[in-house]
Structure formats: C-alpha cells, structure tokens
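Dear colleague,

Please find below the structure that I am handing over to you. My findings follow directly after it.

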Amino acid sequence: MLRVAPYLLSFTTFLYTVVGAPQYDPGTPGPSTVPGSLQCYRLASDFPPSSQWVSWQTLIDTSRPDMVGSSNSGPDEADAAFAAVQAVSQSAGLDPRIVFALMMQESSGKVRPIIGDYGKSYGLLQAQTPGIPLCDDYAKNECPEDVITSQIEFGVFGHDGNGWPVAPGLAYWMEAQAGDVGRSLRGYNTGSVPDPNDLTKAGAATASYVSDVANRLTGALVGAKHQATCS
C-alpha cells in the first residue's frame, strides 16, 4: 500500500507532471515467455533489470482471467484499468509494467478491493487517500472509466493533503530514488527506505513486498496469486 511518508521536504502539490523523472523507453518490450521459479530479490542490486521483465501484453494475458473471473470486476472495468495504467504511466514517464505489477500486488486488479491497512488504504493501488473515488456504488462492469483512472492517478501521483497527511505516489519515489525501481517500491510500501541496500527491511510494512513485485515483473508470480518471495 502507499504509505504516508514520515518526512517530506518538497512534496507540496498534487503532481500531474514529474520533472526529472526517468522516462520509459517503450522500445524494449521484454520477453513474452513466463519464467517458472520464484526468486528472492533481497538486495537493491538484485532487482531484475527491465530486460528481464515480461512484456506488457504478457502481464495482461496472465492477469486478466483472475481480474474478470471474480465476482468483483467485469471485463469492461478490467480494460479500463489497463488503459488507465498505460495513460497515467505515460504522463508520469514511468514504465507501465511497474504500475501494473504494483496494481496486481496491491489489489489483484480488483476495482472493488477491500479497504486495507486497517481502513486507511483505498482503490486499485491502495493509496492512503480517504475520499478517493471508488467503484463500490456501481454495479459490476459499470464503474466509470474516470473513477478507475482516478484510483491509478492517486497511487502514481499521490496527494498534497486537503486535510489528510501528505502521501507521495510512486512517481515521487521514482524521482527521489533516481529511477531505482526496487528502492521506489520500498518507499511506496513503507513510506521511507529504511535500508537502501537491503530492501526487505521494512519496519511494520511487508518485508517481501519489493521482491514480490519483482517476481510479478519477471512473470514468476502472476494474476491474483500472492506469495511471500523472501522470508
């Protein structure tokens, strides 16, 4: 889940563009085959490079059955989530595969996920943003596209308060960590990066979180399946 950062020096406005953020190069789509074995990516230096990630289409193909096969989300809502991830990632200069893997880790891609973190985290990216637009009031497969897109935006761009504690999104962490994906994921989940080398050090957050998302990117952990990949 997106955690409220314990300290922020310059994050004061809701970001719609990220100056200096690393830009995604779509020219390297990654392999289309799915590796079989889970790996523990404990150290920041262990995090797999993008050349070892599966393609965007493979992520969709291996995740869509779980997303639309539940009683939670319909096919149109799943398509809206895919489109939102691509559009918001592009506007943030991020590889959409990162945001997609983050979404599957946080909510299994369900547009009506439970409210996590003891009632503080909401939406597809489980952002700590009370008041975030949700799909709960809409029938299955009838949640508007803009509601789904807003959930992705809050997770990627964060928010600047409006009566709530400031919660930076993934784009903030990617800029703060100079494009290091593993450390950025640690920041997103924990609200800080306790140890820039050992990414399983997470305080009260999920120790295996970074490794779990990495395994989604390599195709070893797919769909709604959840498994701790580091002990």
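Which residues do ring pairs link into a cluster? The cluster consists of W56, F82 and F100, joined by ring pairs. Please note that the model is a predicted one.

Aromatic pairs

Searching the whole structure yields three aromatic pairs. One of them is formed by W56 and F100 in an edge-to-face arrangement, with 5.4 Å between the centres and 75° between the planes. Because W56 belongs to helix α1 and F100 to helix α3, this pair ties together parts that are 44 residues apart in sequence. W56 is buried at a relative accessible area of 15%, and F100 is buried at 1%. Y172 and W173 also make an edge-to-face aromatic pair, for which the centres are 5.2 Å apart and the planes stand at 80°. Y172 and W173 are both buried.

Helix α3

The helix that carries F100 spans residues 96-107. Its 12 residues reach 16 Å from the first C-alpha to the last, close to the 16 Å expected at 1.5 Å a residue. Helix α3 is mostly covered, with 12 of its 12 residues buried; among them are P96, R97, F100, Q105, E106 and S107. The elements that cover the buried residues of α3 include α1 (56-69), α2 (75-92) and α5 (145-157), as well as α6 (170-176), α7 (181-190) and α8 (209-217). Just after α3, S108 adopts a positive phi of about 60°.

Yours sincerely

Notes
Residues are numbered from 1 along each chain as its sequence is written. This is a predicted model: local features need pLDDT of at least 70, side-chain atom pairs count only at pLDDT 80 or more; totals for chains, interfaces and linings use all residues. Side-chain values use heavy atoms; hydrogens and water are left out. Helices (H or I, at least four residues) and strands (E, at least two) are DSSP runs, numbered from the N terminus. The expected span of a helix is 1.5 Å times one less than its number of residues. Buried means under 20% relative accessible area, exposed over 50%, partly exposed in between (1.4 Å probe, protein chains only). Contact means heavy atoms within 4.5 Å. Rings of Phe, Tyr and Trp (its six-membered ring) pair if their centres lie within 6.5 Å; planes under 30 degrees apart count as stacked, over 60 as edge-to-face and the rest as tilted.
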